Amino acid sequence: MTARILIVEDEAAIRELLAVNLRHAGYVVTQADSAESARQQLEAALPDLVLLDWMLPGQSGVEFAKQLRATPRTRELPIMLLTARAQEGDKLQGFEVGADDYVTKPFSPRELLARVRALLRRAAPDSLDEPVEIGGLRLEPDTFRVFAGDQPISLSPTEFKLLHYFMKHADRVLSRTKLLDNVWGDHVYIEERTVDVHIRRLRLALGPSGHDRLIETVRGGGYRFLPR
Ligand code: CA
């Protein structure tokens with residue numbers, strides 16, 4: 001699928017230069033000239049990457065990046081900051097607010113494209129629809145199916161999403177908050193014990209094949225999906 005990139009830059013000439021280069025490289029490009037306008041576009045649809053200028057009229061790019069990181073829906077949106085400032089301190093501040101990468105103006109289009117590609121690649125594993133297999137349990141995101149060996153397992157959409165997230169983050173301790181953020185996403189008002197309810201259902205569904213053993217409760221920490 002073609003990656004979509006939102007450019008947020010108030011200087012029309014630079015915005016156009018970026019748009020032309022990105023389109024030429026095959027990306028679908030949308031543009032905003034302020035954080036406010038970008039916010040409206042993000043409400044309608046999330047792009048795969050935001051190319052965000054530091055210096056914007058009104059809310060600055062840095063403030064906007066901070067806000068995107070603090071919002072569950074946009075928390076994992078890849079952000080590349082664009083700026084004329086080259087000082088190390090500014091660069092650090094950019095990373096502190098949660099930008100994933102940083103390009104200094106004037107930039108070479110070739111370098112910019114390479115960084116955009118690299119960032120999209122880093123961000124992609126979470127969105128790729130590739131099957132995952134652990135301990136004889138196989139999950140196919142594109143066909144929405146789960147198998148234990150060759151036996152299909154029936155799951156609700158939430159349990160399916162939960163299992164998918166577990167399998168992609170095997171061996172890591174995942175807190176209830178982290179699971180809520182990543183599996184439930186936008187739904188910030190869901191209580192943490194909801195997670196336990198779905199884990200229980202998931203364990204029940206995986207029980208007959210013995211794969212429930214893969215979901216470990218970590219005392220005081222949350223859950224861990226065993227890697228094998
Ligand atoms: Ca600017």
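**Exercise 1. Classify Asp 171 as buried, partly exposed or exposed, and describe its place in the chain.**

Step 1. Recall the classes: buried means under 20% relative accessible area, exposed means over 50%, and partly exposed lies in between (1.4 Å probe, protein chains only).
Step 2. The relative accessible area of Asp 171 is 43%, so Asp 171 is partly exposed.
Step 3. Asp 171 belongs to the loop between helix 6 and strand 10 (173–174). Helices (H or I, at least four residues) and strands (E, at least two) are DSSP runs, numbered from the N terminus.
Step 4. Asp 171 is a residue other than glycine with a positive phi, near 75°.

The structure is a predicted model, in which local features need pLDDT of at least 70, side-chain atom pairs count only at pLDDT 80 or more, and totals for chains, interfaces and linings use all residues. Residues are numbered from 1 along each chain as its sequence is written, and side-chain values use heavy atoms, with hydrogens and water left out.

**Exercise 2. Do the same for Phe 144.**

Step 1. Phe 144 has 42% relative accessibility, and therefore counts as partly exposed.
Step 2. Its loop runs between strand 7 and strand 8.
Step 3. Phe 144 is not a glycine, yet its phi is positive, about 60°.

**Exercise 3. Classify Ser 154 and Gly 220, and relate each to a residue elsewhere in the sequence.**

Step 1. Ser 154 has a relative accessible area of 69%, so Ser 154 is exposed. Gly 220, at 88% relative accessibility, also counts as exposed.
Step 2. Ser 154 sits in the loop between strand 9 (151–153) and helix 6. Gly 220 sits in the loop between strand 11 (215–218) and strand 12.
Step 3. Ser 154 and Leu 206 are 52 residues apart in sequence, and their C-alpha atoms are 9.3 Å apart.
Step 4. Gly 220 and Asn 21 are 199 residues apart along the chain, with 49 Å between their C-alpha atoms.

**Exercise 4. Find the cis peptide bond between Lys 105 and Pro 106 and state its omega.**

Step 1. The bond joining Lys 105 and Pro 106 is cis, with omega about -5°.
Step 2. Pro 106 is in the loop between strand 5 (101–104) and helix 5 (109–123).

**Exercise 5. Describe the largest nonpolar core.**

Step 1. A nonpolar core is a set of buried Ala, Val, Leu, Ile, Met, Phe, Trp, Tyr and Cys residues joined through side-chain atoms within 4.5 Å.
Step 2. The largest such core has 28 residues, and Leu 137, Leu 163, Phe 166 and Phe 225 touch the most other members.
Step 3. Elements that each supply at least two residues include strand 6 (132–134), helix 7 (176–184) and helix 8 (192–206). Helix 6 gives the largest share, 6 residues.
Step 4. Leaving out residues up to four places away in sequence, Phe 166 touches Leu 174, Leu 179, Ile 199, Leu 202, Ile 215, Tyr 223 and Phe 225. Contact here means heavy atoms within 4.5 Å.

**Exercise 6. Summarise the whole protein: its residues, its secondary structure and its domains.**

Step 1. The protein has 228 residues, and 42% of them count as buried.
Step 2. Its secondary structure consists of 8 helices and 12 strands.
Step 3. Domain 1 covers 4–123 and domain 2 covers 132–225; the bounds come from an automatic or database domain assignment.
Step 4. The C-alpha centres of the two domains lie 33 Å apart.
Step 5. Along the principal axes, the C-alpha atoms fill a box of roughly 60 × 35 × 30 Å.
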